[in-house]
Amino acid sequence: MRSLLARLTALAILALPGAALAQAPITVVVNFVAGGPSDLMGRLLAPELSAALGTQVVIKNSAGAAGGIGAAEVARARPDGTTLLLSPIGAMAIQPHFRADLPYRPADFAPICQVADTPVVVMSAPGSPLRSLAEVISRAREANGSFNFASTGPGSLPHIATVALARAAGVPMTHIPYRGNAEAVTSLLRGDVSIFADQPGTLRANNLQAVALLAERRTPEFPNTPTAREQGVDLVYSIWSGLFAPAGTPPEFLARVEAACQRALQAPAVIEGFQRLATPIVFRNQQDFATFWAAELEKFRGIVQAAGIRPGD
């Protein structure tokens, strides 16, 4: 019944004149709290999307459940071109294999464009003695289960990547989940947790210490930070982000947003802003992003199942 209603709604929208669709305000739901990397990316993109689409684009933060609350909100939204989702990888490629009670499915969304892809960095608080993976592993082994790490929620990429680190090193670590980036950083600075794995912009914005890049090679943004592989742990993870619409949104509107997305990512203000966030711009159009997303879903299905990662890990 839901899919039938979505198709009927889409057909009704297609009957509208193009100008009517163009003038409808658009809400971009960011599924993490204000001030974090996803929110900052959204607020950089919003004015450029507004200019390209000829209508107001506003950011709405709907945080919680590792991005799942915002994703579910968009999945339930009418496919009329007024609601979009800007989400990182976790809610869209990891959660579908991680939570049996997830209130949405990948089929509930239409991918529009990828906007970024950034390596994960393991970080510690300023002044912490944990400056290398060897020191992290040694401290976790000594702590024997009381070594805490932060994440932006169960099933987020920071959660999955740090569990993978703990298992690769053969040491116990305790997962402390938070609603978003800001809460995790506050916990790290307070000393409630010892490490946090997230996007490089988090490290730069909070003057944290880089322990390791979970990347193929060192990056120009952090040339002095060795990769996990250089430190003897073979882990590579990145956090990509993209725009999605509710399934059934008219193809002509998706094409317009795709073109606006590409234009926005070429704007000097966006390029400069993403550089400040240490977030590489990576654009994929609808077709390429859909193919990439499908591959990521399959990849993380294997990772979650093979590792036996559960919400309580």
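Strand β3 (residues 83-88) runs antiparallel to strand β9, the two being joined by 4 bridges. In this predicted model, the bridge partner of L86 in β9 is L243. Strand β9 spans residues 238-246 and is mostly covered, with 8 of its 9 residues buried. A further pairing of β9 is made with β4, again in the antiparallel sense and over 9 bridges. Within β9, S238 stands opposite P119.

Strand β4 (residues 109-124) also pairs with β8, in the antiparallel sense and over 5 bridges. In this pairing V120 stands opposite L214 of β8. Of the 6 residues of β8 (residues 209-214), 5 are buried, so this strand is largely enclosed by the rest of the structure.

The confidence of the prediction frames these descriptions. The chain averages a pLDDT of 91, and 92% of the residues score at least 70. Over residues 1-22, by contrast, the pLDDT is below 50, and this stretch has 24 contacts in the model beyond near neighbours in sequence.

Residue Q199 was examined for its surroundings. Q199 is placed in the loop between β7 (195-198) and α9 (200-206). The relative accessibility of Q199 is 4%, under the 20% limit, and Q199 therefore counts as buried. Leaving aside residues up to four places away in sequence, Q199 touches P37, M41, T118, P119, V121, M123, I239 and T279. One of these residues, P119, is the residue that stands opposite S238 in β9. Between Q199 and P25 the C-alpha to C-alpha distance is 30 Å, with 174 residues separating them in sequence.

Helix packing is illustrated by α5 (residues 89-98) and α7 (residues 157-169), whose axes come within 9 Å and cross at roughly 60 degrees. On the α5 side the contact is made by I89, G90, I94 and F98, and on the α7 side by L157, H159 and I160. By class, the residues of this contact comprise 5 nonpolar and 2 polar, with no charged residue.

Charged side chains elsewhere take part in ion pairs. Side chains of opposite charge can pair when their charged atoms come close. The structure holds 12 salt bridges. One of them joins the side chains of K60 and E73, at 2.7 Å from N to O. Because K60 lies in strand β2 (residues 57-61) and E73 in helix α4 (residues 68-76), this pair ties together parts that are 13 residues apart in sequence. Both partners are partly exposed, K60 at 39% relative accessibility and E73 at 21%.

A salt bridge within a helix is formed by E272 and R276, whose side chains meet at 3.5 Å from N to O. These residues are 4 apart in helix α11 (residues 268-276) and are therefore separated by about one helical turn. E272 is partly exposed, with a relative accessible area of 46%, whereas R276 is exposed, at 51%.

The side chains of E183 and R179 likewise meet in a salt bridge, with an N to O distance of 3.8 Å. E183 is partly exposed at 32% relative accessibility, and R179 is also partly exposed, with a relative accessible area of 42%. In addition, a network of salt bridges links E216, R229 and D234.

Two loop residues are notable for their backbone geometry. Most residues other than glycine have a negative phi, and most peptide bonds are trans. N144, which is not a glycine, nevertheless has a positive phi near 55 degrees. N144 is placed in the loop between α6 (133-143) and β5 (148-151), and its relative accessibility of 63% classes N144 as exposed. A278, also not a glycine, has a positive phi of about 55 degrees. The loop that contains A278 connects α11 and β10 (281-284). In contrast to the exposed N144, A278 counts as buried, at 3% relative accessibility.

Notes
Residues numbered from 1 in each chain as written. Predicted model: local features only at pLDDT ≥ 70, side-chain atom pairs only at ≥ 80, totals over all residues. Heavy atoms only, no water. Axes fitted to C-alpha atoms, helices over the stretch in contact; angles between N-to-C directions. Contact = heavy atoms within 4.5 Å. Nonpolar A, V, L, I, M, F, W, Y, C, P; charged D, E, K, R; others polar. Salt bridge = Lys/Arg side-chain N within 4 Å of Asp/Glu carboxyl O. Buried < 20%, exposed > 50% of the residue type's maximum accessible area, 1.4 Å probe, protein only. pLDDT = per-residue confidence, 0-100. Pairing = 2+ DSSP bridges.
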